[in-house]
Amino acid sequence: MTSTPALSAPSAGAPFDATTIERRELGEHDVLIDIKFCGICHSDIHQVKNEWGGSIFPMVPGHEIAGVVAAVGDGVSSHSVGDRVGVGCLVDSCGECEYCAAGEEQFCVKSAVPTYNGREYDGELTYGGYSQQVVVKDRFVVRIPDGLELQDAAPLLCAGITTYTPLKHWKVGEGTKVAIVGMGGLGHVGVQIAAAMGAEVTVLSQTLSKQEDGLRFGAKHYYATSDKSTFKQLASSFDLILNTVSANLDINAYLGLLRVDGTLVTVGAPSKPDSFRAFALIGGRRSLAGSAIGGLPDTQAMLDFCAEHGVTPAIELIGADEVSEAYDRVERSAVRYRFVIDVSTIGAPGA
């Protein structure tokens, strides 16, 4: 076992403790990663506060991990010491079911193992990237292209794949009219990816306060949803609406913005149930769908795509002693647009 400095939440909503955790010994197919940066995802906050239920404490969050390979097991050929690599939301799956075989490990019938707040198949608790090292099976480690800085790549391991997957699955491209709901940590990445795919992108945000940013990220249009005339003006406009917010929406109103055969895809995860009327779907043969992350092949493809097309999250780099304040600012939507922890500060004086 190897000890490594970490930030740990001892109980629901409690302040983080600077502590050390144990990482398992390097196995034949394992990769030891020196973590350099870890993004803060809104799901970290939900789980640290146990807002979704089922949280396991003590918890070390973080599933947007970017770092450098420090060592590899004897059976590893895909990665070498010194490689720039990333780890996203999963660290294991059965590897045998139809979904794992198809490269969609997120749907593993045995249940994929989350990077943190979960248990390995042997029952050991998983700890995430708010730490200086991690040991991960080689097939769950992706290559970070040279065109991406490590700190910029970190949020892509969740925010990037979470928005890339539905845009790819619903075949967004030239001639597609896409609306992105929300201009936060997910939304600002989704705008860039959809625009790079060739779509005509519209941002639907509560206010126009981020309009300049949205247009800079590639949106052609920007509307405030607080203005109720927006919904009348944009009725039956979009082929796809990607909802990135974690608050409950008026689903019926957003379904009304879809063209015939259009789809509203939710990737945000509110803690309370949504509701909608069946007629909002029936009238236009519309669909209401959900999407999670992607499998490992799509995660690598997403990183390569972002490097090729210059898609980079707008980040604010912080130290370990600023994480609690960062959580508060995320909940107040007071960040543009993604916090990334400089992991070297974990365990440093004041952290």
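## The enclosed cavity

A search of the whole structure, a predicted model, turns up 1 cavity of 30 Å³ or more. The largest cavity has a volume of about 100 Å³.

Its lining runs through several stretches of the chain. Gly88, Cys89 and Leu90 take part, as do Phe140 and Val142. Leu157 and Ile161 also line the largest cavity. So do Ile293, Gly294, Leu296 and Thr299.

## What walls the cavity

Two helices stand out here. Helix H3 (150–169) supplies at least two residues of the lining of the largest cavity, and so does helix H9 (296–309).

By class, the lining of the largest cavity has 8 nonpolar and 3 polar residues. Charged residues are absent from the lining of the largest cavity.

## The second largest pocket

Now for an open site. The second largest pocket holds about 410 Å³ of space. It is lined by 18 residues. Closest to its centre are Arg24, Glu120, Glu124, Leu125 and Thr126.

Three strands each give two or more residues to the lining of the second largest pocket: E2 (17–23), E6 (90–92) and E8 (133–137). Strand E8 gives the most, with 4 residues.

## Chemistry of the pocket lining

Which classes of residue make up the lining of the second largest pocket? There are 8 nonpolar, 2 polar and 8 charged residues.

Set the two sites side by side. The lining of the second largest pocket has 8 charged residues, whereas the lining of the largest cavity has no charged residues. Each lining has 8 nonpolar residues.

Terms used: Residues are numbered from 1 along each chain as its sequence is written. This is a predicted model: local features need pLDDT of at least 70, side-chain atom pairs count only at pLDDT 80 or more; totals for chains, interfaces and linings use all residues. Side-chain values use heavy atoms; hydrogens and water are left out. On a 1 Å grid over the protein atoms alone, a cavity is a set of points where a 1.4 Å probe fits but cannot get out, and a pocket is an open set with protein on both sides within 12 Å along at least five of seven lines; lining residues have an atom within 4 Å of a point. Grid points are joined across faces, edges and corners, and a volume is the space filled by probe spheres set on the points. Ala, Val, Leu, Ile, Met, Phe, Trp, Tyr, Cys and Pro count as nonpolar, Asp, Glu, Lys and Arg as charged, and the others, Gly among them, as polar.
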